[in-house]
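Okay, thanks for coming, everyone. I'll put the structure up on the screen and walk you through a few spots in it.

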Amino acid sequence: MAVIRSWDVKVFSTALKRPFVTALGRKTDTCNVGLTLTLADGTKGYGEASASLALAHLTPADLAQRLKSLARAAVGRDAAQARALAERAWLRHGDAPPAAAAFECALLDAWTRSQGLTLAAYFGGACTEIETDITLSAWDPQATGRAAKEAAGEGFRRFKVKVRGDFAADFERLRIAATSCRAARLLIDGNQGLTLASALKLTEACLKQGWPVDLLEQPLPKTDWKGMAALTRRCPVPVAADEMVHSPQDALRVAGSRAASVINIKVAKSGLWRALEIMAIARAAGLKLMIGCMAETAEGLAPSVHLALGTGLFSFVDLDSDHLLIGRKARSWKRRGARLSLR
């Protein structure tokens, strides 16, 4: 048995290298909550809940209290029952997805380590390396130019550009990203801040300039299912659902209504096993997959990196939170610019 012996919950802040600015707000650091579960043999598993602009009502203090409650109840249980324990966590704390997901990640991390497995191997071991994009926030042109040039020098080729609904400013930011290197490709992230008309106008303007746009991510409010479906029909590039998909049920609704052609999975929204269910639904419906993140540190991002490497099923990879933060490296994976692989 892999009995859970003890736990530790820590609330900590980490500064961003540059302010993170989207249609939802602005932040200069992130306050996250880390959970470490220790098994009887000394094996440790880690999960991390990140405070985010998209779920601003979930404070670090609230996330910490939920994780403490879940950890206390898990002491003495067998980590081999990780999925059952995780399902109970979602039943109790499904209204706080980052907490339930962090608990699930810590459980599965501890159990796989105790079995001599990496999470990537547990998920299938499909890839040895993946390439991620880099996020350019809704900064002024000078800041965008500096960040794009730096990222291009580090080997990034896909630039996910945050837009806020100001056509002139958004277009200029996209122009800078598109011309930052010869191989540059664009992903436009609206964070629910656009309208159907403005989303189409901006995308078509970029394509008219000959800039390669690979994706338009959640441009409309997460409750605007009809608008997203209409946009998906009319948009010349794939449209991704992000904030509107937290569960397999949400994914089924996207598939049935064709409210998007891509689903963005974030472990902090759905956990690992529910992410697998969402992936299965998307694949059955002919939808492409994206994997994203909140503001996890390198160690907190590990489950997402392992999920992407293990399954090899993501057409779009947006795992750059550690690169945007000032912090330490992870113990189980490594980054070389845009390239992510196991250690």
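Let's start with one small detail: the side chains of Thr-30 and Asn-32 are joined by a polar contact of 2.7 Å. And keep in mind throughout that this is a predicted model.

So where does Thr-30 sit? You'll find Thr-30 in strand 2, which covers residues 25-39. Is Thr-30 buried or exposed? Thr-30 counts as buried, because its relative accessibility is 0%. If you skip the neighbours within four places in sequence, Thr-30 is in contact with Phe-12, Ser-13, Thr-14, Ser-50, Ala-51, Ala-295 and Leu-325. One of those, Thr-14, stands opposite Thr-30 in the strand pairing.

Zooming out from there, strand 2 belongs to an open sheet of three strands, in the order 1-2-3, with antiparallel pairing. Strand 1 (4-22) and strand 3 (44-50) are at the edges, and each has a single partner strand, so one side of each has no neighbour in the sheet. From one strand to the next, the twist averages 20 degrees. Strand 1 and strand 2 run antiparallel and are joined by 14 bridges. Then there's helix 1, residues 60-74, which packs on this sheet and touches strand 1, strand 2 and strand 3. The direction of helix 1 makes about 155 degrees with that of strand 1.

Now, the cysteines, since somebody usually asks. How many disulfides does the structure hold? Zero. Take Cys-31, next to our threonine in the numbering: the closest cysteine sulfur is in Cys-293, and at 17 Å that is too far for a bond. Cys-31 counts as partly exposed, because its relative accessibility is 23%. Cys-235 has its closest cysteine sulfur in Cys-206, at 11 Å, which is again too far for a bond. Cys-235 is buried, with a relative accessible area of 10%.

On to the other open sheet. This one has eight strands in the order 5-6-7-8-9-10-11-12, and the pairing is parallel. At the edges we have strand 5 (134-136) and strand 12 (316-317), each pairing on one side only. Inside that order, strand 10 (residues 262-266) and strand 11 (residues 288-292) run parallel and are joined by five bridges. Lys-266, for instance, has Gly-292 in strand 11 as its bridge partner. Helix 10 lies across strand 10 and strand 11, running at about 150 degrees to strand 10.

That helix comes back when we look at the packing. As a general point, nonpolar side chains in soluble globular proteins tend to be buried together. Here, the largest nonpolar core has 114 residues, and the ones with the most contacts inside it are Phe-103, Phe-159 and Leu-319. Helix 10, residues 267-284, gives the largest share of this core, nine residues. There's also a second, separate core of six residues, including Leu-215, Ala-240, Val-262 and Met-290. And what does Phe-159 contact, leaving aside neighbours within four places in sequence? The list includes Ile-134, Leu-136, Ala-148, Cys-181, Leu-186 and Leu-187.

Next, helix 8, residues 225-234. Seven of its 10 residues are buried, so helix 8 is largely enclosed by the rest of the structure. Among the buried ones are Trp-225, Met-228 and Leu-231. The cover over those buried residues includes helix 7 (196-208), strand 8 (213-217), strand 9 (239-241) and helix 9 (248-257).

A quick stop at Arg-164, in the loop between strand 6 (158-162) and helix 6 (167-178). Arg-164 counts as partly exposed, because its relative accessibility is 45%. Not counting residues up to four places away in sequence, Arg-164 touches Val-21, Thr-22, Ala-23, Ala-138, Asp-170, Gly-193 and Leu-194. Arg-164 and Asp-189 are 25 residues apart in sequence, and 8.8 Å apart in space, C-alpha to C-alpha.

Last one, the hairpin. Strand 13 and strand 14 form it, with two residues between them, and Gly-337 in the turn has a positive phi of about 65 degrees. The two strands pair in the antiparallel sense over four bridges, and Trp-333 stands opposite Leu-342 in strand 14. Which side chains of strand 13 are buried? Trp-333 and Arg-335, which point to one face, are buried, while Lys-334 and Arg-336 point to the other face and are not.

Okay, that's my tour. Questions are welcome.

Note on methods: Residues numbered from 1 in each chain as written. Predicted model: local features only at pLDDT ≥ 70, side-chain atom pairs only at ≥ 80, totals over all residues. Heavy atoms only, no water. Disulfide = S-S within 2.5 Å. Buried < 20%, exposed > 50% of the residue type's maximum accessible area, 1.4 Å probe, protein only. Contact = heavy atoms within 4.5 Å. Core = buried A, V, L, I, M, F, W, Y, C linked by side-chain atoms within 4.5 Å. Pairing = 2+ DSSP bridges. Axes fitted to C-alpha atoms, helices over the stretch in contact; angles between N-to-C directions. Polar contact = N/O pair within 3.5 Å; in protein donor to acceptor, adjacent residues only side chain to side chain.
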